[in-house]
Amino acid sequence: MHPLELVRASPDNWSEAELAALAVGMQRAREACDAAKPDDYQGEDLYDLAHLCAFGQEWSPANVAALQYVASREKPHQIQALAISVSALVHINALDLALATTRGLLRYPYDAEVAYTVRYMKDTLEHAGSPEALALADEERAAIVQELSQPGPLKAASGDATISTGALYASAMELAFLNRFAGKSDAAAAAAADADAALQKLTAIPAEDQLEIDQVRTQYQLLGTHLPNVHPTRTLQSASAKPRIDPDFAAATVLVLFSDWCIECRELVKTMTKFAAESSNAPIHVYGLLYSEDSLAGPQGAGKVLHAENEKYLAGTPTLEVPAQTAQTFGVADYPLGVVLDRSGTIRFIGVLPSDAFDKNGYISKVLERVFAKNTSKGN
């Protein structure tokens with residue numbers, strides 16, 4: 001189910017009919033939210049109003065309703081209401097308040113809702129280039145490691161939310177990744193050791209969780225190593241271009257790995273290509289690494305349709321077709337996976353990219369600033 005879940009998670013992959021239905025629902029939610037007054041509601045109805053406004057992307061009213069529910073001291077949805085508040089504050093660009101609210105959540109019993117909200121805030125801060133992402137991950141460390149050592153998925157104290165052992169390990173390992181990105185190798189090693197020691201207390205780990213754990217470990221172990229052999233088979237840039245990653249890695253090289261069914265990834269390759277063309281500070285190489293999964297070549301010919309669409313959409317872009325095994329080499333679990341190399345071809349960053357990663361002053365720009373700073377500090 002993982003490929004389907006990944007596709008459904010992003011509206012970029014939805015059909016026009018689905019997007020139209022979503023737009024209608026959001027408009028109705030906005031109208032209902034605008035017509036409501038939080039003071040007229042209490043208990044479950046007040047909590048539902050916060051959800052309604054959030055669905056309609058009326059973030060300020062959603063935050064007001066969520067905080068009024070929290071202030072009422074109604075017990076069933078305290079953590080969920082605070083999670084709505086965090087999301088609302090992020091969307092209105094009140095990151096300091098969102099961070100303070102998230103830190104307040106860490107004073108509650110650590111359950112699935114807390115884990116998801118802290119993960120969301122860590123990712124938000126990291127994508128914004130804030131050092132607070134590392135600080136928050138460090139504050140979460142004791143609680144998440146403790147829960148990681150417990151058998152079974154982590155459940156919400158109230159509600160149906162659960163987070164698997166594999167996903168919880170990935171979140172715990174963010175502290176190790178963020179420390180590596182910050183150049184704190186000893187702290188990163190200690191954080192990774194804590195997460196692995198917690199897993200050793202488990203008598204059994206489901207196969208799907210173990211796969212996710214192995215993928216996270218693969219990515220972490222790639223940091224600081226030279227780019228593995230990729231063996232591209234074809235380039236979509238032009239018929240005459242050679243299918244290879246330039247061994248002169250320039251000031252930096254950015255790779256974006258994705259499967260042929262990931263529509264949002266194709267969109268990202270377009271912005272990636274534009275980003276490279278507009279990079280004025282230093283020459284930067286960019287490549288999309290596209291691979292096909294055998295399961296797509298089914299009786300309905302889905303694979304052939306996807307191949308034709310990719311050929312058309314990605315023509316003229318620096319996209320390389322690579323063997324499916326490349327996904328295992330880089331521990332790909334989610335898409336699109338970004339890999340940033342410094343001028344020597346050493347991997348300095350690996351992680352899932354947001355859809356606006358290549359926008360002006362986007363996440364990749366912030367990652368490259370860190371890479372360039374390290375190169376300068378080493379005198380390279």
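**Close-up views of helix α5 and the whole chain**

**View 1. Helix α5 is largely enclosed by the rest of the structure, because 13 of its 14 residues are buried (under 20% relative accessible area with a 1.4 Å probe, protein chains only).** This is a predicted model, in which local features need pLDDT of at least 70, side-chain atom pairs count only at pLDDT 80 or more, and totals for chains, interfaces and linings use all residues. Residues are numbered from 1 along each chain as its sequence is written, and side-chain values use heavy atoms, with hydrogens and water left out.

**View 2. Length and end of helix α5.** The helix covers residues 78-91, and its end C-alpha atoms lie 20 Å apart, which agrees with the 20 Å expected for 14 residues at 1.5 Å a residue (1.5 Å times one less than the number of residues). Just after α5, asparagine 93 adopts a positive phi of about 65 degrees.

**View 3. Fold of the chain.** The chain holds 15 helices and eight strands (DSSP runs of H or I with at least four residues, and of E with at least two). Of the contacts with a separation of 6 or more, 70% join residues 24 or more positions apart (contact means heavy atoms within 4.5 Å). Buried residues make up 47% of the 380 residues.

**View 4. Extent and charge of the chain.** The C-alpha atoms fill a box of roughly 70 × 50 × 45 Å along the principal axes. There are 31 positive side chains (Lys and Arg) and 48 negative ones (Asp and Glu), His and the chain ends not being counted. The centres of the two sets lie 6 Å apart, with each charge placed at NZ of Lys, CZ of Arg, CG of Asp or CD of Glu.

Notes: Buried < 20%, exposed > 50% of the residue type's maximum accessible area, 1.4 Å probe, protein only.
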